[in-house]
Amino acid sequence: PWGADAATDQHANYDFMVGETSEVCAYDAGVSALGLCDLGGNVLEWTATRHHEYSAGAVTDPTGPSDVIERVLRGGSWNPDVDRLRTWDRHYDPRPSEAYGGIGLRVLRME
């Protein structure tokens with residue numbers, strides 16, 4: 001989320017540096033070029049996308065098969081290592097009925 005800059009402890013909360021989630025927008029150096037906070041680190045972003053294999057072709061907003069329960073997570077959290085902070089990194093695990101301390105969601109206000 002920071003272009004060519006490598007993540008540091010000034011960009012995000014990751015790799016057990018704090019040991020729990022931090023306040024939203026607590027890392028000034030971590031604000032993206034678009035003014036967004038916490039795109040990497042702090043909590044994994046829980047998405048509405050169901051886990052599935054991505055196709056080789058271009059697809060916009062794939063939701064995945066309706067019979068899959070597990071959801072895609074992205075963005076890294078306070079507990080994994082720096083490699084998980086990549087914005088393109090995707091993994092899955094939780095079902096919507098489960099909760100973990102390193103998972104959250106992004107709330108946006110459209111103007």
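This report describes selected side-chain links and residue surroundings in a predicted model.

## The aromatic pair

A single aromatic pair is present in the structure. Phe16 and Trp78 make up this pair in an edge-to-face arrangement, with 5.7 Å from centre to centre and 85° between the planes. The two partners come from distant parts of the chain, since Phe16 sits in the segment before E1, whereas Trp78 belongs to the loop between strand E2 (71-74) and strand E3 (90-92), and 62 residues set them apart.

The two rings also differ in their exposure to the surroundings. Phe16 has a relative accessible area of 52% and is therefore classed as exposed, the cut-off for that class being over 50%. Trp78, at a relative accessible area of 14%, is classed as buried because this value falls under 20%.

## Surroundings of Glu20

Glu20 is placed in the segment before strand E1, a strand that covers residues 44-50. When residues up to four places away in sequence are left aside, Glu20 touches Asn13 and Trp78, and Trp78 is the residue that also forms the edge-to-face pair with Phe16.

A further spatial relation involves Gly101, which is 81 residues from Glu20 along the chain, while the C-alpha atoms of these two residues are separated by 7.7 Å.

## The disulfide

One disulfide is found when the whole structure is searched. Such a link is a covalent bond between the sulfur atoms of two cysteines. In this model Cys25 is joined to Cys37, with an S to S distance of 2.1 Å, and the link is right-handed, with 105° about the S-S bond. Both Cys25 and Cys37 lie in the segment before E1, and they are 12 residues apart.

The accessibility of the two cysteines can be read against the same kind of cut-offs as that of the aromatic residues. Cys25, at 35% relative accessibility, counts as partly exposed because its value lies between the 20% and 50% limits. Cys37, at 16% relative accessibility, counts as buried, since this is under 20%.

## Trp88 in the loop between E2 and E3

Trp88 is located in the loop between E2 and E3, which is also the loop that holds Trp78. Trp88 is exposed, with a relative accessible area of 59%, whereas Trp78 is buried at 14%.

With respect to Arg50, Trp88 is 38 residues away in sequence, and the C-alpha atoms of the two residues are 16 Å apart in space.

Conventions:
Residues are numbered from 1 along each chain as its sequence is written. This is a predicted model: local features need pLDDT of at least 70, side-chain atom pairs count only at pLDDT 80 or more; totals for chains, interfaces and linings use all residues. Side-chain values use heavy atoms; hydrogens and water are left out. Helices (H or I, at least four residues) and strands (E, at least two) are DSSP runs, numbered from the N terminus. Contact means heavy atoms within 4.5 Å. Rings of Phe, Tyr and Trp (its six-membered ring) pair if their centres lie within 6.5 Å; planes under 30 degrees apart count as stacked, over 60 as edge-to-face and the rest as tilted. Buried means under 20% relative accessible area, exposed over 50%, partly exposed in between (1.4 Å probe, protein chains only). A disulfide is a pair of cysteine sulfur atoms within 2.5 Å.
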